[in-house]
Amino acid sequence: LRVESILYMRNTPGIWLLICAFILYACRASQAESSVEEAPDNPGAHPTVVALATPVRQVTHRPTPTEAMPEPQPSPTVVDDVGQPEAKRPMQLCSPLQGFALEEVPEIVSAPYAPPPPGREERHHGVDFAFYQRGERASIEGVGVQTALAGRVAAAIRDRFPYGNMVIIETPSAELSAELKRELQVGEGESLYLLYAHMAGEPEVELGQAVPACFPLGSVGKSGNAGVAHLHFEARMGPAEAQFPGMAFYLAQTTQEERDNYTLWRTSGVFRHFDPLNLLTQSAH
């Protein structure tokens with residue numbers, strides 16, 4: 001610079017202010033460039049500005065002393081597909097005669113339970129239901145026969161003497177109400193067996209078939225050793241899972257297996273009979 005210019009700037013305060021402003025601007029631009037970082041290993045990429053993330057503080061809720069903790073909820077009770085309930089289901093008890101309430105059944109007993117001495121065959125191991133005039137019906141013949149309890153078919157006999165067309169239904173102890181088991185004194189490992197005899201036609205069920213309560217078995221008739229139409233109904237306790245593929249007696253045409261099954265059921269004492277009305281007059285719980 002010429003000496004005259006330097007002397008002029010020294011004597012002019014405004015010139016020095018401009019110089020200071022220029023120096024300050026240059027320093028700020030330099031700091032901005034230092035915060036810019038080239039993307040590594042990619043020369044053609046745009047510069048990336050590195051930003052500092054603000055940390056987020058996680059807050060955990062803790063109940064105050066006056067705030068109640070939630071109570072754990074129990075899991076729902078379910079019943080599986082193979083008939084093994086986790087909770088006991090109510091037992092259903094039905095009249096063995098369709099169209100007749102349980103309360104009416106004792107009124108149409110034509111031959112009561114009259115047990116013989118142990119090991120003897122004489123009648124009467126069950127009860128007979130019959131009438132000649134009741135309401136609009138002149139006879140019990142043709143009235144539907146149905147299961148009193150759910151269970152499994154332990155016998156389905158086709159017109160064999162003396163029971164004629166007959167069905168036995170086994171109900172395991174686990175399917176009976178606690179009250180009924182106490183009343184009937186059902187033992188451990190035993191089942192309740194109900195026999196329906198002298199039906200008009202062949203049984204409508206098969207050996208081993210599972211049936212619910214109130215399931216149709218046939219109709220009242222006079223097959224086998226029956227002079228008039230009636231339903232012969234027996235109740236016994238005995239070992240679980242018994243089956244009687246055949247049962248007959250007194251005729252020469254019967255097989256040894258049929259006779260053995262008959263005496264096993266009737267006189268061996270393995271299957272203990274009791275008055276069926278003790279069952280039918282019980283309320284189901």
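Q: What is the bridge partner of Glu170 in strand 8, and what makes strand 7 and strand 8 count as paired?
A: In this predicted model, Glu170 has Tyr193 of strand 8 as its bridge partner. Strand 7 (residues 164-172) and strand 8 are joined in the antiparallel sense over 7 bridges, and because two strands pair once at least two bridges are found between them, the two are called paired.

Q: What makes strand 8 and strand 11 a pair, and which residue of strand 11 stands opposite Tyr196?
A: Strand 8 and strand 11 run antiparallel and are joined by 8 bridges, where the definition asks for at least two. Within strand 11, the residue opposite Tyr196 is Phe233.

Q: Why is strand 8 described as largely enclosed by the rest of the structure?
A: Of the 10 residues of strand 8, 10 are buried, so the strand is largely enclosed by the rest of the structure. His198, which lies in strand 8, illustrates the criterion: its relative accessibility is 6%, and because buried means under 20%, His198 counts as buried. His198 also has a positive phi of about 70° although it is not a glycine.

Q: Why is the contact of Tyr193 and Trp265 called an aromatic pair, and what decides whether it is stacked or edge-to-face?
A: The ring centres of Tyr193 and Trp265 are 6.3 Å apart, and because rings pair if their centres lie within 6.5 Å, the contact qualifies. The planes stand at 80° to one another, and since angles over 60 degrees count as edge-to-face, that is the class of this pair. Tyr193 belongs to strand 8 (residues 190-199) and Trp265 to helix 4 (residues 256-266), so that the pair links distant parts of the chain, 72 residues apart. Both Tyr193 and Trp265 are buried.

Q: What makes the pair of Phe249 and Tyr262 stacked?
A: Between Phe249 and Tyr262 the centres lie 5.2 Å apart and the planes differ by 20°; because the limits are within 6.5 Å for pairing and under 30 degrees for stacking, this is a stacked pair. Phe249 sits in the loop between strand 11 (231-239) and helix 4, while Tyr262 is in helix 4, 13 residues apart. Tyr163, Phe249, Tyr250 and Tyr262 form one aromatic cluster, and the count by the pairing rule comes to 12 aromatic pairs.

Q: How do you know whether Phe249 and Tyr262 are buried or exposed?
A: Phe249 has a relative accessibility of 25%, which falls between the 20% and 50% limits, so Phe249 counts as partly exposed. Tyr262, at 4%, is under the 20% limit and therefore counts as buried.

Q: Why is the contact of Arg266 and Glu121 called a salt bridge?
A: The N to O separation of the Arg266 and Glu121 side chains is 3.1 Å, and because the definition requires a nitrogen within 4 Å of a carboxyl oxygen, the contact is a salt bridge. Arg266 is in helix 4 and Glu121 in the loop between strand 3 (109-111) and strand 4 (127-129), 145 residues apart. Arg266, with a relative accessible area of 10%, is buried, whereas Glu121, at 22%, counts as partly exposed. Glu121, Glu234, Arg236 and Arg266 are linked in a network of salt bridges.

Q: What does the salt bridge of Arg160 and Glu258 tie together, and why?
A: The side chains of Arg160 and Glu258 meet at 2.9 Å, N to O. Arg160 lies in strand 6 (residues 151-160) and Glu258 in helix 4, so the salt bridge ties together parts that are 98 residues apart in sequence. The relative accessible area is 27% for Arg160, which is partly exposed, and 9% for Glu258, which is buried.

Q: How do you know that Arg272 and Glu190 form a salt bridge?
A: Their side chains meet at 2.5 Å, N to O, and because the limit is within 4 Å, the contact counts as one of the 10 salt bridges that the structure holds. Arg272 is in strand 12 (residues 272-274) and Glu190 in strand 8, 82 residues apart. Arg272 is partly exposed, with a relative accessible area of 35%, and Glu190 is buried at 14%.

Technical notes. Residues are numbered from 1 along each chain as its sequence is written. Side-chain values use heavy atoms; hydrogens and water are left out. Rings of Phe, Tyr and Trp (its six-membered ring) pair if their centres lie within 6.5 Å; planes under 30 degrees apart count as stacked, over 60 as edge-to-face and the rest as tilted. Helices (H or I, at least four residues) and strands (E, at least two) are DSSP runs, numbered from the N terminus. Buried means under 20% relative accessible area, exposed over 50%, partly exposed in between (1.4 Å probe, protein chains only).
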